[in-house]
Amino acid sequence: LTARLTLDPARPVGPVSRRLFGAFVEHMGRGVYGGIHSPEHPTADENGFRRDVLDLVRELGVSTVRYPGGNFVSGFRWEDSVGPRSQRPVRLNLAWHSTETNEVGLHEFASWLEEVGAELMLAVNLGTRGTLEALDLLEYTNVPAGTELAEQRIRNGRTEPFDVRMWCLGNEMDGPWQLGQLSAEDYGKLASRTAKAMRQVDPDLELVACGSSGAGMPTFGEWERVVLTHAYDDVDFISCHAYYEEKDGDLDSFLASATDTDHFIETVVATADHVQSVRRSPKRMSISFDEWNVWYASRVQSGLPKRIDDWPVAPAISEEAYTVADAVVVGNVLMSLIRHADRVTSASMAQLVNVIAPIAAEPQGPAWRKTTFFPFATTSRLARGVALQVAVDGPSHVTAEHGEVPLVDAAATADADAGTAALFLVNRSQTEEAEVSVDVSALGVGTVEEALTLSDPDPHAANTSEDPARVGLRPNPRATVVDGTLRVTLPPVSWTAVSLR
Ligand code: AHR
């Protein structure tokens with residue numbers, strides 16, 4: 001099959017925010033305990049954090065990390081997680097039916113993130129708590145000194161404030177699984193009140209209201225409209241969450257998951273813009289796509305123990321064996337975020353280590369890269385400057401879940417100052433190679449610096465602890481620029497990045 005792409009460098013979509021390459025760490029499964037933190041592991045540092053995991057997190061190139069949940073946050077008392085470790089209470093983690101030791105809390109996580117070189121994004125509990133506790137946490141993290149909670153932080157070893165900029169006002173408050181689920185009316189009012197109150201402490205915060213937990217929620221669309229009708233003036237972002245999985249062996253539909261991401265974003269933009277016009281507001285709402293990934297979520301619930309006498313510490317949950325197809329979908333969702341860079345200015349891949357994660361941390365053994373690591377790390381490294389509009393002229397096919405979808409999909413960025421550009425491509429065909437051509441002369445670039453492809457004759461091939469390098473990026477020798485035209489061949493079910501200078 002062949003496809004021709006047309007780029008429009010004259011009308012860029014918008015700058016690609018570094019915050020698009022965020023991740024999410026929740027107190028869930030072996031994400032924190034047994035993941036980033038394992039005092040018994042041979043590579044653990046003096047604070048119990050694994051150095052091998054830290055190295056991979058750095059290599060992944062994450063910009064921002066959302067913490068500490070997720071569903072966990074709706075039962076979380078932040079003050080349990082600070083102060084002398086020996087005095088921290090052991091609590092039930094109701095979201096994941098496990099035990100929370102509070103051994104890792106705000107200070108430890110923030111210090112670890114400083115080592116990573118990423119920004120901390122916090123979520124407050126609006127499920128079982130409210131405005132006052134959110135204010136207390138904000139005072140603790142951001143007020144320099146002289147108040148009860150600021151001084152408590154200083155006594156706990158942190159003289160300078162954490163100065164957290166981005167805050168999520170609760171998590172998935174539309175979900176029936178959420179501790180303290182609310183109606184859109186009730187949540188919109190609470191988010192508005194809490195945001196106003198938090199701005200009385202720190203006017204320059206960037207606040208995220210909960211959007212829908214997924215585009216398939218029965219309240220999707222109406223939830224956003226009602227929440228924003230109450231909170232439009234008070235927040236900067238509305239969130240989107242989306243998880244994709246291959247269902248019943250329907251690989252064609254699964255590979256087209258990013259068309260759902262496009263639709264989700266465009267629907268939320270339309271709804272937010274509707275509220276903007278009704279309110280005659282000069283402000284344009286941004287999207288924080290602060291949970292997204294491939295997740296075989298349908299397998300989770302039945303696997304969680306639910307007994308009153310069984311609350312394990314860090315049980316293994318959702319340690320996905322990511323395949324080539326999963327990585328292609330992850331790379332494709334990133335492309336969707338990039339092509340909506342004017343409205344999506346923050347995003348978090350959920351999650352980071354072990355749980356729904358691109359990084360596996362063996363309890364005693366090494367840490368290694370799952371297939372999804374590669375498109376994320378490469379896109380984070382190469383997507384610089386502005387996102388460009390890309391028109392794809394090529395064949396399509398019909399999928400059961402998403403209708404007619406193009407077989408080749410693409411996103412592009414250009415950095416005029418550096419004189420570079422990058423193209424990200426997927427081939428969704430299970431059988432045919434795609435010969436792609438694109439005129440890149442208007443970008444002022446003429447040579448291929450790197451062309452990397454992730455593919456395998458078996459789209460369900462995965463890395464494992466026995467063979468952690470089975471799937472990876474390989475140089476694509478079939479990418480050339482001749483007379484201003486880039487030609488690149490994409491294997492079936494593949495993800496490719498091409499950087500140009
Ligand atoms: O990332 C796992 C869970 O997915 C999060 O806790 C929740 O917000 C979402 O439903």
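How are H8 and H9 oriented to each other? With a cut-off of under 35 degrees for the term, they are roughly parallel to each other, because their axes cross at roughly 25 degrees. The axes, lines fitted to C-alpha atoms over the stretch in contact, come within 8 Å. As for the hand of the crossing, H8 and H9 make a right-handed one.

A quick word on the model: it's predicted, so local features need pLDDT of at least 70 and side-chain atom pairs count only at pLDDT 80 or more, while totals for chains, interfaces and linings use all residues. Residues are numbered from 1 along each chain as its sequence is written.

Here's who meets whom, with contact taken as C-beta atoms, placed from the backbone, within 7 Å.

| Helix (DSSP run of H or I, at least four residues) | Residues in the contact |
|---|---|
| H8 (257–279) | Ser 257, Ala 258, Thr 261, Asp 262, Ile 265 |
| H9 (324–339) | Val 329, Asn 332, Val 333, Met 335, Ser 336 |

By class, that contact has five nonpolar, four polar and one charged residue.

Zooming out, an automatic or database assignment splits the protein chain into domain 1 (17–125 + 166–178 + 207–382) and domain 2 (388–500). Their C-alpha centres lie 26 Å apart, and 32 residues of domain 1 are in contact with 34 of domain 2. On the domain 1 side, H9 gives the largest share, nine residues. That side has 16 nonpolar, nine polar and seven charged residues.

Then there's the ligand. Residues around the ligand (C-beta atom, placed from the backbone, within 6 Å) include Glu 26, Asn 171, Glu 172 and Glu 291. The shell has two nonpolar, six polar and three charged residues.

Terms used:
Nonpolar A, V, L, I, M, F, W, Y, C, P; charged D, E, K, R; others polar. Contact = placed C-beta atoms within 7 Å. Helix = DSSP H or I, 4+ residues; strand = E, 2+ residues; numbered from the N terminus. Axes fitted to C-alpha atoms, helices over the stretch in contact; angles between N-to-C directions. Parallel < 35°, antiparallel > 145°, perpendicular 65-115°, else oblique. Left-handed = near helix turned anticlockwise from the far one by under 90°.
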